[in-house]
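Please look at the sequence and the model together, and keep both in view while reading the report that follows. It moves from enclosed spaces to a metal site and then to some single residues.

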Amino acid sequence: MSLPIRIPFIYQGIGSLEQLRNFKERRVLIVSDKTVLQMVGDKLSDIFSGRETKIFDEVEPDPKDTIMVKCGDVARKFKPELIVGVGGGSAMDTAKAAYFLYGQESLRLYDMNVLVEYNLREKSKLVLIPTTSGTGSEHTPGLVVTNTETGQKMSLASFELIPWAVILDPTLTLKMPQKLTAATGLDALTQAIEGASSKMGSDFTQALNLYAAKILFHYLPKAAGEGAGDIQVRAKVHYAASMAGIGFGNSGLGLAHSCGHALGGAFHIPHGISVGVMLPYAIEFNKPECRDKYIEILECLNITGVEDPGATLSTMVKDILKKLKIPLNIKELGVSQESWEKNFEKIVGWTKNDIITMINPRMASEQDIRKIFQYAYEGKTIDF
Ligand SMILES: [Fe+2]
């Protein structure tokens, strides 16, 4: 039996943040960070005027368990009817954590178990509002937390973390700087392509992943370039990133993500950049298993009849990386030979043990992972 596809209410459009006014809950907890609140804080105060509102503004990048627990404590004390997470993946994940900790007051964060039913919505509703266009966290059942004891980034999941509502207002993304637009958008593109290449997808997830990939190929370079101030361009990327969130969230990812997680953890490279740099190598490695899927992706981009669809797709991704001013190999990301050698066994081990490696379309042995990283460090085309 397969799991159902769960999709929140999605309010989308320029100015759709106003939808918050129509939610009737009287006690509202806003979870965000100071930078985002500088942009949207006044607007939220206006929207929620006359209601009891509490703001948690301590979200940090790569949020630690301690911050999530602190936010959960605020929720337990304040007893909100509505929890609103507004920001990038870190803010949305912290809001998810608070929603869980408040919904189940006797549990700790690490007690979260994807197989257990919690009935979290009995106490509050969760609304997520992304202000970057990339992670898709507003649609996924997971959250990423940094364990303060081990330093490791961990994923926790419950299907109840898929929120009640999502608001996609592209206005909120207009001020995103070029680098953030490129990195987060690249995450979305990687998710769409890996989602569309997964063996666990369905016609439903394919519809979302393929269309998201088509839009991102076309509009992401514009959003990170001359179209940065064009709300229509921003809207296209914002919606596509969210579609990919539903798509990959219900199909799966692959080696670009498991290798990218390890690179990001070892060398502190932003997630979107580490997975994006690995994407061409993952596509090339997966060629023997993904020919039909790659043909399908290329058809969406009006490219037909190529001899080697994997090579063509990989080249197209490299072209996007160049347009986004992102290096094509790990060395050029600024990882020195010395640091690379020192961390090599660790990243191979992390990648091997990442659950995503196990769902990659082509089985990857430890030796394969080793070679993929060696090729990706030097920028060599995968030929094995
Ligand atoms: Fe990702």
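A cavity, as the word is used here, is a set of grid points where a 1.4 Å probe fits among the protein atoms but cannot get out. In this predicted model, the count by that rule comes to three cavities of 30 Å³ or more. A pocket, by contrast, is an open set of points, and one pocket is described below beside two of the cavities.

| Space | Volume | Lining residues by class |
|---|---|---|
| Largest cavity | about 60 Å³ | seven nonpolar, three polar, one charged |
| Second largest cavity | about 40 Å³ | three nonpolar, seven polar, one charged |
| Second largest pocket | about 210 Å³ | six nonpolar, two polar, three charged |

**Spaces and their linings**

The largest cavity is lined by residues that include Ile 193, Glu 194 and Ser 197, together with Leu 279, Ala 282 and Ile 283. Helix H4 and helix H8 (271-285) each supply at least two residues of this lining, while Tyr 294 and Pro 361 are also among the residues that line the largest cavity.

Around the second largest cavity, the lining includes Met 92, Pro 130, Thr 132, Glu 138 and His 238. Helix H6 (residues 231-249) gives the largest share of that lining, three residues. Which domains supply at least three residues each to the lining of the second largest cavity? They are domain 1 (9-173) and domain 2 (178-378), so named by a domain assignment that is automatic or from a database.

The second largest pocket has among its lining residues Lys 214, Phe 217, His 218, Cys 300, Asn 302 and Lys 323. Two elements, helix H5 (203-223) and helix H10 (309-323), give two or more residues to the lining of this pocket.

**The iron site**

Which residues are the protein donors of the iron ion? They are Asp 187 through OD, Gln 191 through OE1, and His 257 and His 271 through NE2, and these donors lie 2.1 to 2.2 Å from the ion. In sequence the donor residues follow the spacing D-x3-Q-x65-H-x13-H. Distant parts of the chain are linked by one pair, with Gln 191 in helix H4 (residues 178-197) and His 257 in helix H7 (residues 255-267), 66 residues apart. Gln 191 and His 257 are buried.

Why is the site of the iron ion called irregular? Four donors count as tetrahedral if all angles lie between 85 and 135 degrees, and the angles among the four donor atoms here are 84 to 150 degrees, so the site does not fit that range and is irregular.

**Single residues**

Ala 256 is found in helix H7, and this residue counts as buried because its relative accessibility is 0%, where buried means under 20%. Although Ala 256 and Ile 193 are 63 residues apart in sequence, their C-alpha atoms are 10.0 Å apart in space.

Most residues other than glycine have a negative phi. Asp 62, in the loop between strand S3 (52-56) and helix H2 (65-78), has instead a positive phi near 45 degrees, and with a relative accessible area of 45% Asp 62 is partly exposed. Asn 302, in the loop between helix H9 (287-300) and H10, also has a positive phi, near 65 degrees. With a relative accessible area of 68%, Asn 302 is exposed, and Asn 302 is one of the residues that line the second largest pocket.

Definitions and conventions. Residues are numbered from 1 along each chain as its sequence is written. This is a predicted model: local features need pLDDT of at least 70, side-chain atom pairs count only at pLDDT 80 or more; totals for chains, interfaces and linings use all residues. Side-chain values use heavy atoms; hydrogens and water are left out. Donors are N, O and S atoms within 2.8 Å of the metal (3.2 Å for Na, K and Ca); water is not among the atoms, so sites may look incomplete. Four donors count as tetrahedral if all angles lie between 85 and 135 degrees; four count as square planar and six as octahedral if opposite donors are over 155 degrees apart and all others between 65 and 115; anything else is irregular. Helices (H or I, at least four residues) and strands (E, at least two) are DSSP runs, numbered from the N terminus. Buried means under 20% relative accessible area, exposed over 50%, partly exposed in between (1.4 Å probe, protein chains only). On a 1 Å grid over the protein atoms alone, a cavity is a set of points where a 1.4 Å probe fits but cannot get out, and a pocket is an open set with protein on both sides within 12 Å along at least five of seven lines; lining residues have an atom within 4 Å of a point. Grid points are joined across faces, edges and corners, and a volume is the space filled by probe spheres set on the points. Ala, Val, Leu, Ile, Met, Phe, Trp, Tyr, Cys and Pro count as nonpolar, Asp, Glu, Lys and Arg as charged, and the others, Gly among them, as polar.
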